[in-house]
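Student: I would like a close look at a single part of this chain, with the rest brought in where it helps.

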Amino acid sequence: MTTLTNLQPTPVIDETVRLLTEHYVFPEIAKQLADLLQQRLAEGAYDVDSAEELARSVTADLQSVNDDKHLRLRYHADPVSSEEGAATLESIRRDFDTSLGGAPRVELLDGGVAVVELAPMLFPLDWAAEPLSAALTLASRARALIVDLRNNRGGDPDTVAFVCSYLLDERTHLNTMYWRSGERSEQSWSLPHVPGARFGGSKPLYVLSSDSTFSAAEELAYDLQQLGRAVVVGEPTRGGAHPCKGWTVHPHLEATVPTGRAINPVSGTNWEGTGVQPDVPCAAAKSLDRALALALVRLAG
């Protein structure tokens, strides 16, 4: 436990306020939140006994205005590097090494239907390209494919585009990201070429979702749904469409601040706050069976 003997809330709040003010994709809300955090600090609301408690309290305040689930003060049990983004990278590297690189399950089900589970996240593409290519190439010969995102908490937008590239035939505009820095927009497209074999853009494709599916995993489901490429089966997702960066503000605390927002070229909007709405709603626990049944009916037809 990190106690107040080495946890002073004032520098943590001051640095979090600075990061919010400089980087948050919505400057007006950043101002509101900065004022709120300073007010709560003055009231003594952050005079707590541990870094973990401080993280909980500050996160609740950060999300109190527009419920942006990417806007957080994250607690890390082990001390983390002060380098930008290092806290997140250190924590996800352990997950990468224990999940076969983010593709823990590739299985052939009845009737030539394959399932590929992508979990617990879509890791940085320079790590994940090889295992994802192997998994998707292996599944490319299936008659229909189910991509299971029920336990995927997000990750790298470049990895979203990489996965989509295996599920489409042509180079396709997937998403546009608006960045506050420089007020610029950046388009995301599927790749013209991929390592290995594509499943392609014509065979039946289903995506499984749950209320734990978040961030970049939501983008993967949303992009494919908006293109009319996939049928989403399961539960509405968590609703986080703002890519963020992380800054260490204390040896055990990381402020994650969204620096951009997604704009889908088909819908003109995104899934922030609403989540991706499934085409076939059902309990997440039953969604694999439901998708398999749908695939078998379609293949038989």
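Student: Where is the place of Glu183, in terms of the loop and its neighbouring elements?

Tutor: This is a predicted model, and what follows should be read as such. Glu183 sits in the loop that joins β5 (173-179) to β6 (184-189). Its backbone deserves a look, since Glu183 is not a glycine and yet has a positive phi of about 45 degrees.

A second backbone feature belongs to another loop. Between β3 (113-117) and α5 (125-139) lies Pro120, and the peptide bond leading from Ala119 into Pro120 is cis, with omega near 0 degrees.

Now the setting of these loops. An unreviewed UniProt entry carries the feature "domain: Tail specific protease" at residues 80-283. Helix makes up 23% of the chain over residues 80-283 and strand 27%, while the C-alpha atoms at the two ends are 38 Å apart. The domain assignment draws its bounds in another way: domain 1 covers 9-75, and domain 2 is made of 83-240 + 275-300.

How do the two assigned domains meet? Ten residues of domain 1 and eight residues of domain 2 take part in the contact. Taken over C-alpha atoms, the centres of domain 1 and domain 2 are 32 Å apart. About 690 Å² is buried between domain 1 and domain 2, and carbon and sulfur atoms give 48% of that area. On the domain 1 side, Val25, Lys69 and His70 supply 63% of what domain 1 buries against domain 2, more than any other three residues.

As for polar links, zero salt bridges are counted between domain 1 and domain 2, whereas three residue pairs are in polar contact there, both partners at pLDDT 80 or more. Helix α1 (residues 9-23) gives four residues to the side of domain 1 that touches domain 2, the largest share. By type, the residues on that side of domain 1 are four nonpolar, three polar and three charged.

Helix α1 also holds a salt bridge of its own. The side chains of Arg18 and Glu22 meet at 3.1 Å, N to O. Arg18 and Glu22 are four residues apart in helix α1, so about one helical turn separates them. Their pair can be set against the total for the structure, which is ten salt bridges.

To return to the part you asked about: the loop before β6 (184-189) is where Glu183 is found, and its positive phi is the point to check in the viewer.

Methods: Residues are numbered from 1 along each chain as its sequence is written. This is a predicted model: local features need pLDDT of at least 70, side-chain atom pairs count only at pLDDT 80 or more; totals for chains, interfaces and linings use all residues. Side-chain values use heavy atoms; hydrogens and water are left out. UniProt positions are given in the numbering used here, feature names are shortened, and annotations may be inferred rather than shown by experiment. Domain bounds come from an automatic or database domain assignment. Contact means heavy atoms within 4.5 Å. Buried area is the accessible area (1.4 Å probe) that two parts lose on being put together, summed over both. A salt bridge is a side-chain nitrogen of Lys or Arg within 4 Å of a carboxyl oxygen of Asp or Glu. A polar contact is a pair of N or O atoms within 3.5 Å; within protein, one must be able to donate a hydrogen and the other to accept it, and residues adjacent in sequence count only if both atoms are side-chain atoms. Ala, Val, Leu, Ile, Met, Phe, Trp, Tyr, Cys and Pro count as nonpolar, Asp, Glu, Lys and Arg as charged, and the others, Gly among them, as polar.
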